[in-house]
Amino acid sequence: MDSKASERSALQEIIDNALLDMRREAGGELDLEHVNLADFCRRTGLSRSKARTIRSHGFRALPHGRTGQKASRTVMSGHEDVADSLLRKGVTNSAVILERLRGDGYVGGLTTVKEYIRAHMDLVPPKAKAPAHAPQGTGMRYSTAPGECFQMDWGFVDVDEGDGTSWRAACFCMVCHHCGTSYAEFFPNARQECLLIGMVHAFMCMGIPDFVLTDNMKSVVTRRDADGRPVWQHDYAAFMECIGFGTRLCRPRHPFTKGKVERLVRYVKENFLAGRTFADFTQLNEEALLWCRRTGAARRGPNGTARPTWCLPTSMPAPAWPICARFPIPRRWTAISARSGG
């Protein structure tokens, strides 16, 4: 029973009790056509006009005359195409849809958006089922000190253009295991030069950790020796020695070991890229920076203290930081960075 029906039921009970008392006081007989409205209003607390209406309907609490009718225009009117296009792309995050609607001039609230999503779930394409053999994260949780461990990984995303086409991009992500401070940057590919450029930018933004946790990518480790120790790729080994950090590797086929950065990649796909279109890497990283700033402002604590925020620089600053002075970046890496907008 909805709230309106519950209210009508309660009112009908009040009416019936008042009539029963009046009938009992009248000796068991009560003419409903000649009920004393002043006495009836005193017993029920209803206004005179409401009492007349109820009497004209045989003392039945009827629903409002406009019950069940819907307004011809609502705050969502004119914005349905934006919401429907996002739902057809599989975007069901109400915060993401609200952000897109704000850009379209929507003035309503989040609750209206959630109700619209709930009523139009038939537009959302079905999700592919995960394979039955998908690994489950059953390992023990562990904690690290501030700046002790950063997790890093690549994520590959399809970036949509306005004409219906899309292109592939590599998203480099790094996150602090302790506090969740995160960094992401987009590149044309996931080659080693892009990896090291992304790491330099991340260290400039977040600081240098004691060690980085990553998987067994070929740009980091080539193989393991007879004792099971990793044999680092020589350029990466020189990079570690130059910057002054260590690297730890996850077990093969255990992505949940670095679950924070895996979730970060998913967050970029579902909250930043979802429903957006970009012409090139420059626009992609410029809008990512603006989105980063808005996300960081929205994540401030209730007392105004800043929570971990995102950093997506669109250009590498002048080589004034010690990393840039210590680590010579080849020209081909600079070209990759320029093309990626990083």
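**Helix α4, its packing against α5, and the nonpolar cores**

Just after helix α4, G90 adopts a positive phi of about 90°; the model in which this is seen is a predicted one. Helix α4 spans residues 80-88 and helix α5 residues 94-103, and their axes come within 10 Å of each other, crossing at roughly 145°. The crossing in which α4 passes α5 is right-handed. On the α4 side the contact is formed by V82, A83, L86 and L87, while α5 contributes I97, R100 and L101; by class, these residues comprise 6 nonpolar, no polar and 1 charged.

Within α4, the residues A83, D84, L86 and L87 are buried. Because these buried residues cover an arc of only 160° around the axis, they lie on the same side of α4. The cover over the buried residues of α4 includes α5 and α6 (110-119), whereas the exposed residues D81 and R88 are carried on the face turned away from the buried side.

Elsewhere in the model, the largest nonpolar core consists of 28 residues, and those with the most contacts inside it are M152, F172, M174, M199, F203 and F245. At least two residues of this core are supplied by each of β1 (149-160), β2 (166-176), β3 (182-187), α7 (192-206) and α8 (234-243), with α7 giving the most, namely 9 residues. When neighbours within four places in sequence are left aside, F245 is in contact with M199, F203, I208, P209, D210, V212, Y236, F239 and M240. Apart from this core lies another, of 20 residues, among them C173, V268, F272 and F278.

Terms used: Residues numbered from 1 in each chain as written. Predicted model: local features only at pLDDT ≥ 70, side-chain atom pairs only at ≥ 80, totals over all residues. Heavy atoms only, no water. Axes fitted to C-alpha atoms, helices over the stretch in contact; angles between N-to-C directions. Helix = DSSP H or I, 4+ residues; strand = E, 2+ residues; numbered from the N terminus. Left-handed = near helix turned anticlockwise from the far one by under 90°. Contact = heavy atoms within 4.5 Å. Nonpolar A, V, L, I, M, F, W, Y, C, P; charged D, E, K, R; others polar. Buried < 20%, exposed > 50% of the residue type's maximum accessible area, 1.4 Å probe, protein only. Arc of directions from axis to C-beta. Core = buried A, V, L, I, M, F, W, Y, C linked by side-chain atoms within 4.5 Å.
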